[in-house]
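Open the model in your viewer and set the display to cartoon. The tour below goes from the overall fold to single side chains, one selection at a time.

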Amino acid sequence: LADSKVHTWSEVTWNIGAEYSPVDNRMWYGRISHGYRPGGFGGFNNGLGEAWDAESMINYEVGLKGLFFDSAVQMELSAYFQDFSAYWDTGVTATYA
């Protein structure tokens, strides 16, 4: 007889990036990475503690780091995009009458 509260989650995560410095005090960079959060079980107040699926994400990042205006200003800019699959949220959902 299988136990409904036994479940195994596993996945390989990875990260790859590149940097380019056109001058000594500036650097452009990019990164793509894969993240993972294993599934879990619902609150056991429902009697069974049902399992939910694992969550995975691919993150895309590009940015610039450098010194500007004769090294008077240090600036770091970045932009991200996160592509989720099987995203889960454990927050409370409001209901309206």
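A strand here is a DSSP run of E with at least two residues, a helix is a run of H or I with at least four, and both are numbered from the N terminus. Counted that way, the protein has 0 helices and 6 strands. The model is a predicted one.

**Whole chain.** Follow the cartoon from the N terminus: the elements run β-β-β-β-β-β. Among contacts with a separation of 6 or more, 48% join residues 24 or more positions apart. Now switch on the surface, which has about 7800 Å² of accessible area, with 55% of that area belonging to carbon and sulfur atoms. Of the 97 residues in the protein, 20% are buried.

**Strand E5.** Select residues 55-68, which form strand E5, and pick out Asn59 there. Is Asn59 buried or exposed? Asn59 counts as buried because its relative accessibility is 8%, and the cut-off for buried is under 20%. Show what surrounds Asn59: apart from neighbours within four places in sequence, its contacts are Arg31, Ile32, Ser33, Tyr80, Phe81 and Gln82.

**Strand E6.** Next select residues 73-85, the span of strand E6, and find Tyr80 in it. Phe81 is in strand E6 too. Draw a distance between the C-alpha atoms of Tyr80 and Asn59: the value is 7.0 Å, although the two residues are 21 apart along the chain. Which residues does Tyr80 touch, leaving aside neighbours within four places in sequence? The contacts of Tyr80 are Asn59, Tyr60 and Glu61. Tyr80 counts as exposed because its relative accessibility is 52%, and exposed means over 50%.

**A surface patch.** Keep Phe81 selected and add Trp14, Ile16, Ile32 and Tyr60; these five form a nonpolar patch on the surface. Together they have about 500 Å² of accessible area. Two members of the patch have already come up as contacts of Asn59, namely Ile32 and Phe81, and Tyr60 has come up as a contact of Tyr80.

**A charge and a ring.** For the last selection, show Lys65 and Tyr29 as sticks. Where does the charged end of Lys65 sit? It sits over the ring of Tyr29, 5.4 Å from the ring centre. As for rings paired with rings, where the centres must lie within 6.5 Å, the count is 1 aromatic pair.

Methods
Residues numbered from 1 in each chain as written. Predicted model: local features only at pLDDT ≥ 70, side-chain atom pairs only at ≥ 80, totals over all residues. Heavy atoms only, no water. Phe/Tyr/Trp six-rings, centres within 6.5 Å; stacked < 30°, edge-to-face > 60°. Lys NZ or Arg CZ within 6 Å of the ring centre and 35° of its normal. Buried < 20%, exposed > 50% of the residue type's maximum accessible area, 1.4 Å probe, protein only. Contact = heavy atoms within 4.5 Å. Patch = residues over 30% accessible without salt bridge, like charges linked within 9 Å, V, L, I, M, F, W, Y side chains within 5 Å. Areas by Shrake-Rupley, 256 points an atom, 1.4 Å probe, with all protein chains shown as cover. Salt bridge = Lys/Arg side-chain N within 4 Å of Asp/Glu carboxyl O.
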